[in-house]
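Please walk through this protein with its sequence and its three-dimensional model side by side. The paragraphs below move from charged contacts to the sheet, and from there to the aromatic rings.

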Amino acid sequence: MNGHAGTLAFVAGEASGDALGAGLIRALKSKRSDLKFVGIGGPQMISAGLQSWYPQEWLAVRGYSEVIAALPRLLRVRRALAQRLTHEKPLAFIGIDAPDFNLGLERKLKNAGVQTIHYVCPSLWAWREKRALTLHKSVDHVLSVFPFERAILDKHGIASTFVGHRMADVARGRSETLATREELRIKPDAPLFAMLPGSRQSELQYHSDLFISVAKQISAKIPAAQFLVPFASRATRDYFETRMYALEAQHLKFTLMFGHADWALTAADVALVASGTATLEAALAECPHVITYRVSDSTYRAVMRKLRVPYVGLPNVLAGDFVVPELIQHHATTDNLTQVMLNLFEDKPLRTQVSARLGTLRASLQQGADEVAANAVMRVARL
């Protein structure tokens, strides 16, 4: 073990990466109080001890037009980071997710002799296995969050450690449903539905009217139904609320929340969830749910041509089976989604069975991710 202080560099591109990075930094600090942490991160990583050189929001860009508009700045930041880190030679660089930004940076740093670690394996299993070649050239080690990724990485000669998923370590499960309802001041027997239409404005534009229309139809069948709708930002909440009034649905029992998706999913009987990280949150809350998603027809066709697995939602990918229903694109109609949601709600034995299967998935990801990841970083950085 080196006796002198050293630096570890990080880049986390969005909120989910910020949470992973913060947990990792705290675990590393508990082992080596002399370490210094620099790079790019959000408020959680900064609070944990990161010196962030640029605002994390600069990297959190989605959609073709937004990426094109931000590209000059993104390239400028990546170039500056590469120059500074090549000069300062940190003990290791840890890129947290954000592969479109991080893999190119990692390749430059690896070529300059810096140990490079990528936290969260890119979705090689889904439709981008060609990216494995880029990954091999860019990183010395991958911290993977799903157990099946090890075999794929081994196949391509990429060293890795399965660390589990930090969200699984802290998630509330079905055993906390009644306590969570009490905290939210919702009656134990109230018919309760969580609705997660997405975290980005573009997703809200595709999903808001659909989710509100489903809520209207459910309310027509179950007048006492309540709906919890968590949002990632004020802009997405405001957009959804505007659409509620446009569709004359303001009389429904909606509770619009800032954050706390985990609370909404733990409290709910059934959830309607836009495909993405939220489906993993639903699985970890052991909440029976229906996965849906809509995009432009051109984007849908392009993705379906490349998709290598029969599932879209992470719970089904992890289970290798349709544990929860998926209604995507043209199948994602108000009538279809309402019917599947009501079927799931009204069949309590089925809900219990689905919750149990999701509980098994959750247990497979509970590895103590912060600690396991910190130990792997220390090995790679030779600390």
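Which residues are linked with Asp269 in a network of salt bridges? The network consists of Arg181, Asp269 and Arg351, and it should be read with the caution that this is a predicted model. Within the network, Arg351 and Asp269 form a salt bridge whose closest N and O atoms are 3.4 Å apart. This pair links distant parts of the chain, since Arg351 belongs to helix H16 (residues 348-365) while Asp269 sits in the loop between helix H11 (261-267) and E11, 82 residues apart. Arg351 counts as buried because its relative accessibility is 14%, and Asp269, with a relative accessible area of 15%, is buried as well.

The structure holds twelve salt bridges, and two others are worth tracing on the model. The side chains of Asp370 and Arg166 meet in one of them, at 2.9 Å from N to O; here Asp370 lies in helix H17 (residues 369-380) and Arg166 in helix H7 (residues 166-170), so that the pair links parts of the chain that are 204 residues apart. Are these two partners, Asp370 and Arg166, buried or exposed? Both are buried. In the other, Glu183 forms a salt bridge with Arg172, the closest N and O atoms being 3.2 Å apart, and this contact joins helix H8 (residues 177-183), which holds Glu183, to the loop between H7 and H8, which holds Arg172, eleven residues apart. The two partners are described by unlike terms, because Glu183 has a relative accessible area of 44% and is partly exposed, whereas Arg172, at 16% relative accessibility, counts as buried.

Helix H8 also contains Leu178, which is exposed, with a relative accessible area of 56%. Leu178 and Thr266 are 88 residues apart in sequence, yet 8.8 Å separates them in space, C-alpha to C-alpha.

The loop that carries Asp269 leads to E11, and from there the reader can turn to the sheet. Six strands form this open sheet in the order E10-E9-E8-E11-E12-E13, and their pairing is parallel. Its edge strands are strand E10 (254-258) and strand E13 (326-328), each of which pairs on one side only, and the twist from one strand to the next averages 20°. Strands of a sheet pair through backbone hydrogen bonds, either parallel or antiparallel. In this sheet, strand E8 (residues 192-196) and strand E11 (residues 270-274) run parallel and are joined by four bridges, with Val270 of E11 as the bridge partner of Phe193. Helix H12 (residues 277-284) lies across E8, E11 and strand E12 (289-293), and it runs at about 160° to E11.

The aromatic rings form a further set of contacts, and a search of the whole structure finds nine aromatic pairs. One of them is formed by Phe10 and Phe37, a tilted pair with 6.1 Å from centre to centre and 55° between the planes. Because Phe10 lies in strand E1 (residues 7-12) and Phe37 in strand E2 (residues 36-40), this pair ties together parts that are 27 residues apart in sequence. Phe10, at 0% relative accessibility, counts as buried, and Phe37 is buried with a relative accessible area of 3%.

What kind of aromatic pair do Phe193 and Phe345 form? The pair is tilted, with 5.2 Å centre to centre and 40° between the planes. It links strand E8, which holds Phe193, to helix H15 (residues 334-346), which holds Phe345, across 152 residues, and both Phe193 and Phe345 are buried. Which residues form one aromatic cluster with Phe193 and Phe345? Phe227, Phe231, Phe240 and Phe254 join them in that cluster.

Finally, there are contacts in which a charged end meets a ring. The charged end of Arg84 sits over the ring of Trp53, 3.6 Å from its centre, and the charged end of Arg237 sits over the ring of Phe258, 5.1 Å from its centre.

Note on methods. Residues numbered from 1 in each chain as written. Predicted model: local features only at pLDDT ≥ 70, side-chain atom pairs only at ≥ 80, totals over all residues. Heavy atoms only, no water. Pairing = 2+ DSSP bridges. Helix = DSSP H or I, 4+ residues; strand = E, 2+ residues; numbered from the N terminus. Axes fitted to C-alpha atoms, helices over the stretch in contact; angles between N-to-C directions. Contact = heavy atoms within 4.5 Å. Phe/Tyr/Trp six-rings, centres within 6.5 Å; stacked < 30°, edge-to-face > 60°. Buried < 20%, exposed > 50% of the residue type's maximum accessible area, 1.4 Å probe, protein only. Lys NZ or Arg CZ within 6 Å of the ring centre and 35° of its normal. Salt bridge = Lys/Arg side-chain N within 4 Å of Asp/Glu carboxyl O.
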